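Got the structure open in your viewer? Here's a short walk through it, one selection at a time.

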Amino acid sequence: MPFSLPNQCPLQPVQLPWVTEAGCQLAMLRLDQLHPQVSGNKWFKLQPYIEQMQREGKRGLISLGGPHSNHLHALAGAAALGGFSVVALMRGPAQDTPTVNDLQQQGVTLHWLTREAYRQRQHAAFVAQWQQQYPDYVWVPEGGDGVLGQQGAGQIMPLLEASLAALDWAGCDALFTAVGTGTTWLGMQAQSKTPVWGLLAVPRHYLAATLRAEPQLVDAHRQGFGRVDDELLSFVNAFQCATGIPLDPVYTGKALMALRQMLRAGKFARGSRLVFIHTGGLQGTRATPNWPRLDEVAA
Ligand SMILES: Cc1ncc(COP(=O)(O)O)c(C=O)c1O
């Protein structure tokens, strides 16, 4: 199966006035460039589940998400690459979105659940019922969460170390990643000697109770998960024009805005070298019609 973790990724220095004013240097690990569909943190979180499927000789993976889910979109891409099947439990009501269309075109079996049924997703009985219906599929929790997802996300660290050497940075002083379930942050933190800051794209109460008081998780969601406001639009427009790096509305755009806030508040000593992990999610921009696209951004 032609599916293994990448061993190199661009680490792109980013020059911006708010970084220079804080006396810091910033680079972005461009995980968004790893693959057109299996981009960002997704490949890492999925890989251990794919390996489990292979070990157990199963047909595919079963997982769940909303109608714009980056996770399901990447899973469908991975299945197309790896030649396995996917069953997706969708948070209803049923709707047509660019993401759903892609899933359908890639042969994903969709089941639309009512919001009430979807709310049961963390209960053992819910999981058992679907596992019974699809015994040949490995269960992947929402967003690629779980111990396996964390282990996979930990593999971002060796990739980052290899990329730091290529940039000629002897190391870095702090890492930043957007947080949804916290899987990526936890996985990276477990493998990192450098502090990893998690920038919360979700309100804190969405997180597992054990994570809510973590001091290295910083609020970044602004007006709520997935909500876009004018200040975010203009920040992203300026960022994209200055760097040529595309951002998404739900995770990376908000996370970078929160990082700017931290720098303005003097959180990091002058001379600090900072690395932001670009976790992808760019397919999600299709659901935000007024999102500034890089090929159309106003200069
Ligand atoms: C683009 C993007 N960035 C960050 C995250 C957050 O990752 P996690 O759920 O592992 O915290 C997600 C969700 O998977 C995502 O799609």
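Start by selecting P93, which sits in the loop between β4 (85-91) and α4 (98-105). Keep in mind that this is a predicted model. Now add G92 and look at the bond joining the pair: the G92–P93 peptide is cis, with omega at about 5°.

While you're checking backbone angles, hop over to D168. You'll find D168 in the loop between α8 (156-167) and β7. What is the sign of phi at D168? D168 isn't a glycine, yet its phi is positive, at about 70°.

**On to the ligand**

Select the ligand and bring up the residues around it. There are 15 of them, and those that come nearest are K45, G180, T181, T184 and T279. Color the shell by class and you should get 3 nonpolar, 10 polar and 2 charged residues.

Next, show side chains and look for these polar atom pairs:

- T184: an N or O atom of its side chain is 2.6 Å from an oxygen atom of the ligand.
- T279: a polar side-chain atom lies 2.7 Å from a ligand nitrogen atom.
- N41: a polar side-chain atom is 3.2 Å from an oxygen atom of the ligand.

Switch on a surface here. On its own the ligand has 390 Å² of accessible area, and the protein covers 97% of that.

Which elements each supply at least two residues of this shell? Highlight α2 (42-55), β7 (174-179) and α9 (183-191). Then color by domain, with domain 1 as 11-36 + 150-287 and domain 2 as 42-146. Why does the ligand lie between them? Both domains give residues to the shell around the ligand, so it lies between the two.

**Last stop: a pocket**

Finally, go to the second largest pocket, with a volume of about 190 Å³. To outline it, select V218, D219, A220, R222, E231, K254, M257, A258, R260, Q261, M262 and R264, which line this pocket. The elements giving two or more residues to that lining are β9 (217-219) and α11 (252-264). Of the elements, α11 gives the most, with 7 residues.

How does the lining divide by class? Color it the way you did the ligand shell, and the second largest pocket shows 5 nonpolar, 1 polar and 6 charged residues.

Conventions: Residues numbered from 1 in each chain as written. Predicted model: local features only at pLDDT ≥ 70, side-chain atom pairs only at ≥ 80, totals over all residues. Heavy atoms only, no water. Near = heavy atom within 4 Å. Polar contact = N/O pair within 3.5 Å; in protein donor to acceptor, adjacent residues only side chain to side chain. Areas by Shrake-Rupley, 256 points an atom, 1.4 Å probe, with all protein chains shown as cover. Helix = DSSP H or I, 4+ residues; strand = E, 2+ residues; numbered from the N terminus. Nonpolar A, V, L, I, M, F, W, Y, C, P; charged D, E, K, R; others polar. Domains from an automatic or database assignment. 1 Å grid on protein atoms, 1.4 Å probe; cavity = no way out; pocket = protein on both sides within 12 Å on 5 of 7 lines; lining within 4 Å. Points joined across faces, edges and corners; volume = space filled by probe spheres on them.
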